[in-house]
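Okay, everyone, thanks for coming. Let me put the structure up, and then I'll talk through the parts I looked at.

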Amino acid sequence: MTLGERIVELRNAQGISQADLAEAMEVSRQSVSKWENGVSTPDLDKLVKLADYFGLTLDQMVKGKEPEASGQPDAAEEPAAQAYCPAPKRTKAQSIGVLFLCLSAFTSILFAILFGVGGIIFAVPFLLFGLICFFVKSHPILKAAWTDYLVLSIVCHFCTGSSPSAILRTFQWTYEMNYAILAFSWIWFLVIVALVIGTAAVLRHQGWAWTPQYIAELVFGLVLFAQSYVLRAFLHPGGNYIYWVSMLSSYLQLAGLTILVTDVTRWAVSRKKASSSGHH
(Lines give C-alpha, C1' and ligand atoms only; values in the text may rest on other atoms or scores of the structure.)
Protein backbone atom coordinates (compact mmCIF):
# COMPACT_ATOMS: atom_id res chain seq x y z
CA MET A 1 0.00 0.00 0.00
CA THR A 2 1.36 3.41 -0.98
CA LEU A 3 1.51 6.37 1.38
CA GLY A 4 -1.32 8.06 -0.55
CA GLU A 5 -3.55 4.98 -0.25
CA ARG A 6 -2.76 4.84 3.46
CA ILE A 7 -3.81 8.46 3.94
CA VAL A 8 -7.09 7.77 2.11
CA GLU A 9 -7.73 4.67 4.21
CA LEU A 10 -7.04 6.44 7.51
CA ARG A 11 -9.07 9.48 6.51
CA ASN A 12 -12.10 7.43 5.40
CA ALA A 13 -11.91 5.26 8.53
CA GLN A 14 -12.39 8.38 10.67
CA GLY A 15 -14.93 10.07 8.41
CA ILE A 16 -12.65 13.02 7.71
CA SER A 17 -12.95 15.00 4.47
CA GLN A 18 -10.00 16.23 2.43
CA ALA A 19 -10.92 19.77 3.46
CA ASP A 20 -10.83 18.84 7.17
CA LEU A 21 -7.45 17.13 6.80
CA ALA A 22 -6.10 20.07 4.81
CA GLU A 23 -7.22 22.47 7.53
CA ALA A 24 -5.55 20.34 10.21
CA MET A 25 -2.32 20.11 8.19
CA GLU A 26 -2.47 23.83 7.28
CA VAL A 27 -2.26 23.11 3.54
CA SER A 28 -4.70 23.43 0.64
CA ARG A 29 -7.20 20.71 -0.21
CA GLN A 30 -5.39 20.27 -3.52
CA SER A 31 -2.20 19.38 -1.63
CA VAL A 32 -4.02 16.60 0.23
CA SER A 33 -5.49 15.38 -3.06
CA LYS A 34 -2.02 15.26 -4.61
CA TRP A 35 -0.67 13.28 -1.62
CA GLU A 36 -3.48 10.75 -1.96
CA ASN A 37 -3.07 10.40 -5.72
CA GLY A 38 0.70 10.01 -5.45
CA VAL A 39 1.38 13.19 -7.43
CA SER A 40 3.45 14.62 -4.57
CA THR A 41 4.76 13.52 -1.18
CA PRO A 42 4.31 15.40 2.11
CA ASP A 43 7.39 17.10 3.53
CA LEU A 44 8.93 15.56 6.64
CA ASP A 45 7.24 18.02 8.99
CA LYS A 46 3.87 17.25 7.40
CA LEU A 47 4.54 13.50 7.68
CA VAL A 48 5.21 13.92 11.38
CA LYS A 49 2.04 15.99 11.70
CA LEU A 50 0.04 13.37 9.77
CA ALA A 51 1.34 10.56 11.99
CA ASP A 52 0.46 12.53 15.11
CA TYR A 53 -2.98 13.42 13.72
CA PHE A 54 -3.86 9.77 13.04
CA GLY A 55 -2.24 8.52 16.24
CA LEU A 56 0.55 6.57 14.51
CA THR A 57 4.31 6.45 14.72
CA LEU A 58 6.23 7.90 11.79
CA ASP A 59 7.30 4.38 10.78
CA GLN A 60 3.72 3.17 10.76
CA MET A 61 2.63 6.20 8.74
CA VAL A 62 5.34 5.93 6.09
CA LYS A 63 5.88 2.16 5.82
CA GLY A 64 2.65 0.82 7.21
CA LYS A 65 4.63 -1.34 9.64
CA GLU A 66 2.74 -3.16 12.31
CA PRO A 67 4.37 -4.00 15.62
CA GLU A 68 6.25 -7.30 15.49
CA ALA A 69 4.21 -10.13 16.94
CA SER A 70 5.56 -12.12 19.87
CA GLY A 71 4.21 -14.86 22.02
CA GLN A 72 3.33 -12.52 24.87
CA PRO A 73 2.83 -8.87 23.85
CA ASP A 74 4.00 -6.56 26.57
CA ALA A 75 2.33 -3.42 27.79
CA ALA A 76 4.49 -1.17 25.59
CA GLU A 77 3.32 -2.95 22.42
CA GLU A 78 -0.39 -2.74 23.15
CA PRO A 79 -0.77 1.04 22.53
CA ALA A 80 1.10 0.67 19.23
CA ALA A 81 -1.23 -2.14 18.15
CA GLN A 82 -4.23 -0.04 19.03
CA ALA A 83 -2.86 2.93 17.09
CA TYR A 84 -4.42 1.64 13.90
CA CYS A 85 -7.87 2.28 15.34
CA PRO A 86 -7.47 5.75 16.84
CA ALA A 87 -10.42 7.63 18.21
CA PRO A 88 -11.61 10.25 15.71
CA LYS A 89 -10.34 13.69 16.58
CA ARG A 90 -12.70 16.63 16.69
CA THR A 91 -11.96 19.20 13.99
CA LYS A 92 -11.70 22.94 14.65
CA ALA A 93 -15.06 23.45 12.94
CA GLN A 94 -16.68 20.85 15.20
CA SER A 95 -15.19 22.54 18.27
CA ILE A 96 -16.69 25.82 17.07
CA GLY A 97 -19.96 23.97 16.49
CA VAL A 98 -20.00 22.71 20.08
CA LEU A 99 -19.33 26.27 21.30
CA PHE A 100 -22.28 27.63 19.29
CA LEU A 101 -24.56 24.80 20.40
CA CYS A 102 -23.76 25.66 24.02
CA LEU A 103 -24.32 29.33 23.20
CA SER A 104 -27.70 28.49 21.64
CA ALA A 105 -28.73 26.62 24.80
CA PHE A 106 -27.67 29.58 26.97
CA THR A 107 -29.44 32.18 24.81
CA SER A 108 -32.58 30.01 24.66
CA ILE A 109 -32.82 30.04 28.44
CA LEU A 110 -31.91 33.72 28.69
CA PHE A 111 -34.41 34.95 26.07
CA ALA A 112 -37.13 32.62 27.37
CA ILE A 113 -36.75 34.26 30.78
CA LEU A 114 -36.67 37.79 29.31
CA PHE A 115 -39.36 37.49 26.61
CA GLY A 116 -41.24 34.27 27.33
CA VAL A 117 -41.19 31.02 25.35
CA GLY A 118 -41.32 32.93 22.07
CA GLY A 119 -37.91 34.41 22.86
CA ILE A 120 -36.30 31.04 22.09
CA ILE A 121 -36.49 31.96 18.40
CA PHE A 122 -33.59 34.38 18.93
CA ALA A 123 -31.34 31.37 19.59
CA VAL A 124 -32.05 29.83 16.15
CA PRO A 125 -29.03 31.47 14.38
CA PHE A 126 -26.67 30.08 17.05
CA LEU A 127 -28.29 26.65 16.80
CA LEU A 128 -28.07 26.52 12.99
CA PHE A 129 -24.44 27.67 13.02
CA GLY A 130 -23.54 25.05 15.61
CA LEU A 131 -25.31 22.16 13.87
CA ILE A 132 -23.78 22.94 10.47
CA CYS A 133 -20.26 23.34 11.90
CA PHE A 134 -20.56 20.05 13.78
CA PHE A 135 -22.11 17.83 11.10
CA VAL A 136 -21.10 19.25 7.71
CA LYS A 137 -17.72 18.00 6.48
CA SER A 138 -16.86 20.34 3.60
CA HIS A 139 -16.36 24.06 4.40
CA PRO A 140 -18.75 23.95 7.40
CA ILE A 141 -17.99 27.45 8.74
CA LEU A 142 -18.59 29.05 5.33
CA LYS A 143 -21.89 27.19 4.87
CA ALA A 144 -22.96 28.04 8.42
CA ALA A 145 -22.22 31.73 7.83
CA TRP A 146 -24.29 31.80 4.62
CA THR A 147 -27.19 29.97 6.32
CA ASP A 148 -27.24 32.44 9.19
CA TYR A 149 -27.05 35.33 6.71
CA LEU A 150 -30.11 34.01 4.87
CA VAL A 151 -32.12 33.67 8.09
CA LEU A 152 -31.08 37.02 9.56
CA SER A 153 -31.51 38.94 6.29
CA ILE A 154 -35.11 37.73 6.00
CA VAL A 155 -35.70 38.94 9.56
CA CYS A 156 -34.11 42.30 8.68
CA HIS A 157 -36.36 42.63 5.63
CA PHE A 158 -39.50 42.42 7.76
CA CYS A 159 -38.41 43.83 11.12
CA THR A 160 -36.11 46.76 10.36
CA GLY A 161 -37.15 48.00 6.93
CA SER A 162 -33.48 48.21 6.00
CA SER A 163 -31.92 47.12 2.71
CA PRO A 164 -28.35 47.09 1.35
CA SER A 165 -29.51 49.27 -1.54
CA ALA A 166 -30.41 52.02 0.95
CA ILE A 167 -26.73 52.96 1.29
CA LEU A 168 -26.96 54.52 -2.19
CA ARG A 169 -29.07 57.26 -0.60
CA THR A 170 -26.69 57.88 2.31
CA PHE A 171 -26.04 61.54 1.46
CA GLN A 172 -29.74 62.22 0.86
CA TRP A 173 -30.81 60.64 4.16
CA THR A 174 -32.68 62.82 6.63
CA TYR A 175 -33.56 62.57 10.31
CA GLU A 176 -37.20 61.82 9.43
CA MET A 177 -36.09 58.76 7.42
CA ASN A 178 -34.59 57.22 10.60
CA TYR A 179 -30.81 56.92 10.76
CA ALA A 180 -31.13 53.51 12.49
CA ILE A 181 -32.43 52.08 9.22
CA LEU A 182 -29.43 53.54 7.38
CA ALA A 183 -27.06 52.07 10.00
CA PHE A 184 -28.65 48.61 9.62
CA SER A 185 -28.37 48.92 5.83
CA TRP A 186 -24.64 49.67 6.04
CA ILE A 187 -24.06 46.76 8.42
CA TRP A 188 -26.01 44.51 6.07
CA PHE A 189 -23.96 45.70 3.08
CA LEU A 190 -20.64 45.13 4.92
CA VAL A 191 -21.74 41.61 5.92
CA ILE A 192 -22.46 40.83 2.27
CA VAL A 193 -19.02 42.13 1.23
CA ALA A 194 -17.37 40.02 3.94
CA LEU A 195 -19.27 36.88 2.88
CA VAL A 196 -18.47 37.29 -0.82
CA ILE A 197 -14.78 37.98 -0.19
CA GLY A 198 -14.61 35.19 2.40
CA THR A 199 -16.16 32.69 -0.02
CA ALA A 200 -13.67 33.62 -2.73
CA ALA A 201 -10.78 33.35 -0.25
CA VAL A 202 -11.83 29.92 1.04
CA LEU A 203 -12.38 28.45 -2.45
CA ARG A 204 -9.49 30.20 -4.20
CA HIS A 205 -7.33 27.05 -4.40
CA GLN A 206 -9.96 24.89 -6.13
CA GLY A 207 -8.60 25.80 -9.56
CA TRP A 208 -10.24 27.17 -12.70
CA ALA A 209 -9.75 26.43 -16.40
CA TRP A 210 -11.46 27.21 -19.70
CA THR A 211 -13.32 23.89 -19.83
CA PRO A 212 -17.07 23.38 -20.52
CA GLN A 213 -17.74 22.69 -16.84
CA TYR A 214 -16.13 25.89 -15.58
CA ILE A 215 -17.50 27.99 -18.45
CA ALA A 216 -21.03 26.71 -17.63
CA GLU A 217 -20.47 27.72 -14.01
CA LEU A 218 -19.37 31.19 -15.08
CA VAL A 219 -22.39 31.59 -17.40
CA PHE A 220 -24.71 30.42 -14.61
CA GLY A 221 -23.27 33.11 -12.34
CA LEU A 222 -23.80 35.75 -15.02
CA VAL A 223 -27.42 34.64 -15.55
CA LEU A 224 -28.17 34.79 -11.82
CA PHE A 225 -26.58 38.22 -11.54
CA ALA A 226 -28.42 39.61 -14.57
CA GLN A 227 -31.87 38.10 -13.93
CA SER A 228 -32.98 40.97 -11.66
CA TYR A 229 -32.55 43.48 -14.49
CA VAL A 230 -34.60 41.28 -16.82
CA LEU A 231 -37.35 40.85 -14.23
CA ARG A 232 -37.75 44.61 -13.82
CA ALA A 233 -38.73 44.87 -17.47
CA PHE A 234 -41.57 42.35 -17.10
CA LEU A 235 -42.92 42.99 -13.61
CA HIS A 236 -45.81 45.42 -13.30
CA PRO A 237 -45.68 47.76 -10.28
CA GLY A 238 -48.43 47.38 -7.73
CA GLY A 239 -48.81 43.59 -7.81
CA ASN A 240 -48.97 41.81 -4.46
CA TYR A 241 -46.29 39.42 -5.60
CA ILE A 242 -43.78 42.18 -6.46
CA TYR A 243 -42.20 42.35 -3.00
CA TRP A 244 -41.63 38.60 -2.77
CA VAL A 245 -40.29 38.30 -6.31
CA SER A 246 -38.00 41.28 -5.73
CA MET A 247 -36.64 39.77 -2.50
CA LEU A 248 -36.02 36.38 -4.16
CA SER A 249 -34.38 38.15 -7.09
CA SER A 250 -31.98 39.99 -4.76
CA TYR A 251 -30.87 36.67 -3.23
CA LEU A 252 -30.33 35.13 -6.67
CA GLN A 253 -28.34 38.20 -7.72
CA LEU A 254 -26.13 37.85 -4.63
CA ALA A 255 -25.58 34.17 -5.45
CA GLY A 256 -24.56 35.12 -9.00
CA LEU A 257 -22.19 37.83 -7.75
CA THR A 258 -20.57 35.36 -5.34
CA ILE A 259 -20.05 32.80 -8.11
CA LEU A 260 -18.51 35.43 -10.40
CA VAL A 261 -16.14 36.85 -7.77
CA THR A 262 -15.12 33.33 -6.68
CA ASP A 263 -14.51 32.19 -10.27
CA VAL A 264 -12.41 35.26 -11.06
CA THR A 265 -10.38 34.70 -7.87
CA ARG A 266 -9.85 31.01 -8.68
CA TRP A 267 -8.81 31.91 -12.22
CA ALA A 268 -6.31 34.51 -10.93
CA VAL A 269 -4.82 32.05 -8.41
CA SER A 270 -4.55 29.36 -11.10
CA ARG A 271 -2.79 31.78 -13.45
CA LYS A 272 -0.38 32.80 -10.68
CA LYS A 273 0.45 29.18 -9.89
CA ALA A 274 0.96 28.36 -13.56
CA SER A 275 3.20 31.40 -13.96
CA SER A 276 5.25 30.42 -10.90
CA SER A 277 5.64 26.86 -12.20
CA GLY A 278 6.75 28.20 -15.58
CA HIS A 279 9.49 30.30 -14.00
CA HIS A 280 10.81 27.27 -12.13
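**Cysteines, cores and salt bridges**

Let's start with Cys 133, which counts as buried, at 0% relative accessibility. One thing to keep in mind as I go: this is a predicted model.

Staying with cysteines, Cys 159 is the other way round: that one is exposed, at 62% relative accessibility. Could it pair up with something? The closest cysteine sulfur to that of Cys 159 sits in Cys 156, and at 7.8 Å that's too far for a bond. And if you search the whole structure, you get zero disulfides.

Okay, stepping back to the overall fold. We have twelve helices and zero strands, in a chain of 280 residues, 30% of which are buried. Of the contacts between residues at least 6 apart in sequence, 59% join residues at least 24 apart. As for surface, the chain exposes about 17,200 Å², with carbon and sulfur atoms supplying 69% of that.

Now the cores. Which residues have the most contacts inside the largest nonpolar core? Those are Ile 7, Leu 21, Leu 50, Phe 54 and Met 61, in a core that has 16 residues. Helix 1 (3–13), helix 2 (18–25), helix 3 (29–37) and helix 4 (44–54) each give two or more residues to this core. Helix 4 supplies the largest share, five residues.

If you want one residue to click on here, try Leu 21. Leaving out residues up to four places away in sequence, Leu 21 touches Ile 7, Arg 11, Ile 16, Val 32, Leu 50, Tyr 53 and Phe 54. There's also a second, separate core of eight residues, and Leu 195, Val 196, Tyr 251 and Leu 254 are among them.

Tyr 251 comes up again with Ser 153, which lies in helix 9 (residues 140–159). Ser 153 is buried, with a relative accessible area of 2%, and its side chain makes a polar contact with the side chain of Tyr 251 at 2.7 Å. Not counting residues up to four places away in sequence, Ser 153 touches Trp 188 as well as Tyr 251.

Back to helix 3 for a moment. Gln 30, Val 32, Trp 35 and Glu 36 are its buried residues, and they pack against helix 1, helix 2 and helix 4. Just after helix 3, Gly 38 has a positive phi of about 80 degrees.

That Glu 36 takes us to the salt bridges; the count comes to three. Its side chain meets that of Arg 11 in one of them, at 2.7 Å, N to O. Arg 11 is in helix 1 and Glu 36 in helix 3, so this pair ties together parts 25 residues apart in sequence. Both ends are buried: Arg 11 at 10% relative accessibility, and Glu 36 with a relative accessible area of 10%.

What else is linked in a network of salt bridges? That would be Glu 217, Asp 263 and Arg 266. The side chains of Arg 266 and Glu 217 meet at 3.0 Å, N to O. Arg 266 lies in helix 12 (residues 242–279) and Glu 217 in helix 11 (residues 212–234), so here the parts tied together are 49 residues apart in sequence. Asp 263 also bridges to Arg 266, with the closest N and O atoms 3.4 Å apart. Those two both lie in helix 12, three residues apart, about one turn of the helix. On burial, Arg 266 is buried at 6% and Asp 263 is buried at 2%, while Glu 217 is partly exposed at 25%.

That's my tour, thanks!

Terms used:
Residues numbered from 1 in each chain as written. Predicted model: local features only at pLDDT ≥ 70, side-chain atom pairs only at ≥ 80, totals over all residues. Heavy atoms only, no water. Disulfide = S-S within 2.5 Å. Buried < 20%, exposed > 50% of the residue type's maximum accessible area, 1.4 Å probe, protein only. Core = buried A, V, L, I, M, F, W, Y, C linked by side-chain atoms within 4.5 Å. Helix = DSSP H or I, 4+ residues; strand = E, 2+ residues; numbered from the N terminus. Contact = heavy atoms within 4.5 Å. Polar contact = N/O pair within 3.5 Å; in protein donor to acceptor, adjacent residues only side chain to side chain. Areas by Shrake-Rupley, 256 points an atom, 1.4 Å probe, with all protein chains shown as cover. Salt bridge = Lys/Arg side-chain N within 4 Å of Asp/Glu carboxyl O.
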